[in-house]
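Open the model in your viewer and colour it by chain. The stops below go from the contact between chains to single backbone positions.

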Amino acid sequence: MTFDDWVLALHVLSAFAYSAGVVLFWVLVVAVRRTDTPERTIRMEPVVKIGNAAVGIGAGGTIVLGIWLAFSVGGYDIWDGWIVAAIVLWVIAAAIGRRTGVAYMEGMNKAQELRTAGQTGSSAELLALNRTSRGVLLHFLSSVVVLLILIDMIWKPGA
Amino acid sequence: MSVLATVRPDSWNFPLFLHVLGAMILVGGLVTGASALAFARGEARLLRLGYWSLLAVSLPGWVIMRIGAQWIYSKEHWDDVPEKVRPGWLDIGVLIADAGGLILLVSLIAGGVGVYRLREGKGSGFLKVTLVLSLVLLAAYLVAAWAMAGKPD
């Protein structure tokens, strides 16, 4: 394997990490819809951290290694339409992903607040925050953008 | 280098997309399932979440990945290539995909028993087996993804 083969393999593995994070957050989006107590909400935190790590490593790896490949591999250029499209989509996905995280952290923060106040029972307010429709919409949009990146990477329009 | 820049025929793209999408769903389900099982510390709700992630996400992902794999395999006419000259990355991928499917099935059966025992108020030992198997699977599928992408000799 050449150095570029290794970079390509790590680029693809980064894409797997990114998509794994997206899938993980879909499972959590569904799981927290029935979560109305601070304890149960906070119990999700370690899983959220794994998702954040997967998305962070995946997003960083795909963009850095992808740009490296665009410069290094013969036949491709950074200004190729499909590569520019991938970079633009990556920026959009990152921006939407950050907003999704903010939307869902409201529930986690509320759960911490309730626990600190000694309230351990069901909370309608917490349930409403965990069921954020804005968060679902944002996560749906970021998932669609990530899917578009995959389609762009496979079809390479204009290459 | 020329292999990296090769543009494949358009008719191969959709089967490849299906294969990669399925693999990503499979790995996503494994990461979710393993995380939930690992951090559950005996809590029934998280243990069930981990098991259902494997059943409702990883298993369909594996099926999509395998269908896509077989489709692209036939499109690329690997059946016509003698086994001796078939590239190593292909053998790694096929072996891990199929053996992994079997291990996934075993982990789901163990997990199913574990979830049933959990409902009966018994221990979560079977779900620990599921956790270990899902971590093994995760490592194996990452090796497969590396082999498929890097195509080692």
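Keep in mind that this is a predicted model. Start by selecting both sides of the contact between chain A and chain B. Across that interface the salt-bridge rule finds zero pairs. Polar contacts between chain A and chain B number four residue pairs, with both residues at pLDDT 80 or more.

Next, show only the side of chain A that touches chain B. The elements giving two or more residues to that side are α1 (3–31), α2 (38–43), α3 (45–72) and α6 (133–155) of chain A. Of these, α1(A) supplies the largest share, 16 residues. Coloured by residue class, this side of chain A has 25 nonpolar, four polar and six charged residues.

Now compute the surface. About 3300 Å² is buried between chain A and chain B, and 76% of that lies on carbon and sulfur atoms. Pick out Phe16(A), Arg43(A) and Ile154(A), which lose the most area to chain B in chain A and together make up 20% of what that side buries. For the whole contact, the selection holds 35 residues from chain A and 36 residues from chain B.

Two backbone stops remain. Most residues other than glycine have a negative phi. Go to Lys156(A), in the segment after α6 of chain A; its phi is positive, near 45 degrees. Lys156(A) has 15% relative accessibility, so it counts as buried.

Finish at His77(B), in the loop between α2 (44–75) and α3 (88–119) of chain B. His77(B) is not a glycine, yet its phi is positive at about 55 degrees. Is this residue, His77(B), buried, exposed or partly exposed? His77(B) is partly exposed, with a relative accessible area of 48%.

How values were computed
Residues are numbered from 1 along each chain as its sequence is written. Chains are lettered from A and ligands numbered from 1 in the order in which they are written. This is a predicted model: local features need pLDDT of at least 70, side-chain atom pairs count only at pLDDT 80 or more; totals for chains, interfaces and linings use all residues. Side-chain values use heavy atoms; hydrogens and water are left out. Contact means heavy atoms within 4.5 Å. Buried area is the accessible area (1.4 Å probe) that two parts lose on being put together, summed over both. A salt bridge is a side-chain nitrogen of Lys or Arg within 4 Å of a carboxyl oxygen of Asp or Glu. A polar contact is a pair of N or O atoms within 3.5 Å; within protein, one must be able to donate a hydrogen and the other to accept it, and residues adjacent in sequence count only if both atoms are side-chain atoms. Helices (H or I, at least four residues) and strands (E, at least two) are DSSP runs, numbered from the N terminus. Ala, Val, Leu, Ile, Met, Phe, Trp, Tyr, Cys and Pro count as nonpolar, Asp, Glu, Lys and Arg as charged, and the others, Gly among them, as polar. Buried means under 20% relative accessible area, exposed over 50%, partly exposed in between (1.4 Å probe, protein chains only).
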